[in-house]
Amino acid sequence: MLRLQRRHVQCWRVFDITQELQAFGNFSQGFSLTDIGGFTRRAGLNTNAETCDAYGTSIRPLLPCTNAPDYRISYADIAPEPQVVNTWEGGLRGDWGNVRGGASAYLSTSDNGVNYDIAANRVSQQKERIWGFEANAEYDINEMFTLGGSVGYVEGKYDANRDGKIGSNEYLPNNRIPTTYKGLAYVVTHFDNNLTLRTELEMFSGRDRIASQELDGAVLANIGVTKKFAGGQELNFAVRNIFDTYYVNPTASATRGADVPGLGRTIAASFKVTF
């Protein structure tokens with residue numbers, strides 16, 4: 001049985017600058033155990049010693065093991081320490097009727113950040129720092145059209161060489177931050193018959209912080225239609241990547257350590273009934 005205890009600190013404050021505009025800030029602590037299953041599902045055996053420890057004499061003469069097999073590897077060999085994350089965030093948000101928007105910046109730090117080293121097939125823990133910002137805005141041009149968009153940025157570094165300091169070029173691996181910038185631009189069209197059409201451009205930059213592990217960005221076009229009925233039912237139809245653009249999925253590629261193509265044109269439909 002695993003038992004862990006930890007006190008967390010959370011505090012926040014909202015300031016009304018005007019009736020329409022607010023400033024906010026918060027500090028929060030998160031406490032979590034690492035998803036070791038995410039590592040073991042991809043993990044192999046690193047050394048002959050690990051192989052012998054698990055399989056012993058059952059694999060001779062492939063390896064000169066002398067111990068009896070127990071067919072297990074100790075969890076203690078890979079179990080990371082619980083991770084505490086400190087997060088500071090501050091920003092502005094406002095609603096002026098036909099114009100709405102917000103912007104915020106954040107910083108997260110941890111002394112036990114968890115990273116999976118694909119090359120070494122190991123889980124490692126060390127200091128890390130992640131920072132970024134997000135912004136969004138919407139503008140009702142008239143009763144029929146709404147124009148909106150959002151942009152986000154994230155970057156991070158860690159103590160890669162474990163010397164107790166986070167160096168200027170010690171960037172987090174791509175399996176932690178697969179893309180640096182993200183953006184979304186959209187137009188929502190409202191029709192009189194409770195029909196809504198949403199067209200959007202989805203953009204992501206990829207990342208080039210890690211030598212020989214550059215991830216390319218892409219721009220995708222998407223469209224969605226929603227029809228609401230008098231009885232509360234809702235019909236949704238959407239097409240993602242309308243033009244079947246080829247791109248490398250940055251998240252999957254970073255996790256696997258090899259280029260993984262993103263999904264091509266994807267069509268989805270749903271019908272919702274509320275009762």
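A salt bridge here is a side-chain nitrogen of Lys or Arg within 4 Å of a carboxyl oxygen of Asp or Glu. By that rule, R100, E138 and D140 are linked in a network of salt bridges. The model is predicted.

## Salt bridges

The structure holds seven salt bridges. Three of them are set out below, each with its closest N and O atoms.

| Acid | Base | N to O distance |
|---|---|---|
| D140 | R100 | 3.0 Å |
| E155 | R209 | 3.1 Å |
| E202 | R240 | 2.9 Å |

Take D140 and R100, where the N and O atoms come to 3.0 Å. This pair links distant parts of the chain, 40 residues apart. D140 belongs to strand β5 (residues 122–140). R100 belongs to strand β4 (residues 99–117). D140 has a relative accessible area of 23%, so it is partly exposed. R100, at 21%, is also partly exposed. Both residues take part in the network with E138.

Next come R209 and E155, whose side chains meet at 3.1 Å, N to O. R209 sits in the loop between β8 (195–204) and β9 (218–228), and E155 sits in strand β6 (residues 145–158), so the bridge ties together parts that are 54 residues apart in sequence. How exposed or buried is E155? Its relative accessible area is 0%, so E155 is buried. R209 is partly exposed, with a value of 38%. The cut-off for buried is under 20%.

The third bridge joins E202 to R240, with N and O 2.9 Å apart. E202 is in strand β8 and R240 in strand β10 (residues 234–240), so this pair ties together parts that are 38 residues apart in sequence. R240 has 31% relative accessibility and therefore counts as partly exposed.

## Aromatic rings

A pair of aromatic rings is described by the distance of the centres and the angle of the planes. The structure holds five aromatic pairs. One of them is F133 with Y153: the centres are 5.7 Å apart and the planes meet at 25°, so the pair is stacked. The cut-off for stacking is under 30 degrees. F133 is in strand β5 and Y153 in strand β6, and the pair links distant parts of the chain, 20 residues apart.

Which of these two rings is buried and which is partly exposed? Y153 has 16% relative accessibility, so it counts as buried. F133 has 35%, so it is partly exposed. Ring pairs also bring in Y181, giving a cluster of F133, Y153 and Y181.

## Charges over rings

Two contacts of this kind are noted here. R198 lies over the face of Y186, at 4.0 Å from the ring centre. The charged end of K227 sits over the ring of F229, and the distance to that ring's centre is 5.7 Å.

## Positive phi angles

Where does a residue other than glycine take a positive phi? R162 does, with phi near 55°. R162 lies in the loop between β6 and β7 (181–190). Its relative accessible area is 52%, so R162 is exposed.

N241 is also a residue other than glycine with a positive phi, near 60°. N241 is found in the loop between β10 and α3 (250–256). With a relative accessible area of 0%, N241 is buried.

Conventions:
Residues numbered from 1 in each chain as written. Predicted model: local features only at pLDDT ≥ 70, side-chain atom pairs only at ≥ 80, totals over all residues. Heavy atoms only, no water. Helix = DSSP H or I, 4+ residues; strand = E, 2+ residues; numbered from the N terminus. Buried < 20%, exposed > 50% of the residue type's maximum accessible area, 1.4 Å probe, protein only. Phe/Tyr/Trp six-rings, centres within 6.5 Å; stacked < 30°, edge-to-face > 60°. Lys NZ or Arg CZ within 6 Å of the ring centre and 35° of its normal.
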